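Let's take a walk through this structure, one spot at a time. Keep the 3D view open as you read.

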Amino acid sequence: MEMLIFIAPLLLNVFGNTVYNIAGKGTPEDVNSFASLSISYGVGLVLCVVLFFVNNPGGNIFEAFAQANWASYALGICIVFIDLSLILLYRAGWDVSIGSLIANIGVSLMTVVVGVAAFGEAMTIVKAVGIVICALGLYVVNAPEKGADGEPSVSLEEPVDPA
């Protein structure tokens, strides 16, 4: 049971982020980004309020609000920027298979630096090797593929037009 409690949040994150990227890619280009995000946050607000009362029957949501600190407000600001960047990333033409991957590797690398510098987390040889592998991965997924003749290679598949 302890393993499930340990793994369940990770699985929830992977599932949520996968659907999140599919939805971000599916956001119509002609809809105003902020109107779309307002709908998203409205749905999120309703879901959070419902889940608050499911998780805390008879609880006082306003007392719970009073216990929050600066981090709740900072998360709200960050969520807007993260969600907006996702919509703009896909509108700029990034593939769903690569755009999120590169962004998440970049975030992972930055959080290692922050963890070590600001929170005193340990930097081990194994972690350093992992960072180098991530950096190499960023290069590999971004490097233009070249054929035997040295020219950029062509994909074997035609891109799928989602329209």
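Leu-109 is a buried residue, because its relative accessibility of 19% falls under the 20% cut-off for that label. Keep in mind that you're looking at a predicted model, so every value here is computed from predicted coordinates. Leu-109 sits in helix α5. What does Leu-109 touch, once you leave aside its neighbours within four places in sequence? The contacts are Ile-131, Cys-134 and Leu-138. Take Ile-131 from that list: 22 residues separate Leu-109 from Ile-131 along the chain, yet the C-alpha to C-alpha distance is 6.7 Å.

Now jump over to helix α2, where you'll find Ser-36. Ser-36 is buried too, because its relative accessible area is 14%, again under 20%. If you don't count residues up to four places away in sequence, Ser-36 touches Thr-27 and Val-31.

For a couple of spots with more solvent access, try Ile-22 and Ala-74. Ile-22 lies in helix α1 and is exposed, with a relative accessible area of 56%. How far is Ile-22 from Gln-67, in sequence and in space? The two are 45 residues apart in sequence, and their C-alpha atoms are 34 Å apart. Ala-74, in helix α4, is partly exposed, because its relative accessible area is 27% and that label covers values between the 20% and 50% cut-offs. Pair Ala-74 with Val-116 and you get a gap of 42 residues in sequence and 21 Å in space, C-alpha to C-alpha.

On to the cysteines. How many disulfides does the structure hold? Zero. The reason is distance: the sulfur of Cys-48 is 16 Å from the closest cysteine sulfur, that of Cys-78, which is too far for a bond. A disulfide needs the two sulfur atoms within 2.5 Å. Looked at from the other end, Cys-78 is in no disulfide either, with the sulfur of Cys-48 as its nearest cysteine sulfur at 16 Å. As for accessibility, Cys-48 counts as exposed at 52%, while Cys-78 is partly exposed at 39%.

Next, the aromatic rings. The structure holds two aromatic pairs. One of them joins Phe-52 and Phe-53, with centres 5.0 Å apart and 85° between the planes, an edge-to-face arrangement. Are these two rings' residues buried or exposed? Phe-52 is buried at 19% relative accessible area, whereas Phe-53 is partly exposed at 35%. Phe-62 and Phe-65 also pair up: their ring centres are 5.9 Å apart and their planes meet at 85°, so this pair is edge-to-face as well. The label follows because planes over 60 degrees apart count as edge-to-face. Why are Phe-62 and Phe-65 separated by about one helical turn? They are three residues apart in helix α3, which means roughly that spacing along the helix. Phe-62 itself counts as exposed, at 64% relative accessibility.

Finally, have a look at the largest pocket, which holds about 1700 Å³ of space. Its lining is made up of 40 residues, and those nearest the centre are Tyr-20, Tyr-41, Ile-79, Ile-82 and Asp-83. Which helices supply at least two residues each of that lining? They are α1 (2-26), α2 (33-55), α3 (61-66), α4 (70-91) and α5 (99-119). Helix α4 gives the most, with twelve residues. Sorted by class, the lining has 24 nonpolar, 15 polar and one charged residues.

Several of the helices from earlier come back here. Helix α4, the top contributor to the lining, is also where Ala-74 lies. Helix α5, home of Leu-109, is on the list of suppliers to the pocket as well, and so are α1 and α2, where you met Ile-22 and Ser-36.

Notes
Residues numbered from 1 in each chain as written. Predicted model: local features only at pLDDT ≥ 70, side-chain atom pairs only at ≥ 80, totals over all residues. Heavy atoms only, no water. 1 Å grid on protein atoms, 1.4 Å probe; cavity = no way out; pocket = protein on both sides within 12 Å on 5 of 7 lines; lining within 4 Å. Points joined across faces, edges and corners; volume = space filled by probe spheres on them. Helix = DSSP H or I, 4+ residues; strand = E, 2+ residues; numbered from the N terminus. Nonpolar A, V, L, I, M, F, W, Y, C, P; charged D, E, K, R; others polar. Buried < 20%, exposed > 50% of the residue type's maximum accessible area, 1.4 Å probe, protein only. Contact = heavy atoms within 4.5 Å. Phe/Tyr/Trp six-rings, centres within 6.5 Å; stacked < 30°, edge-to-face > 60°.
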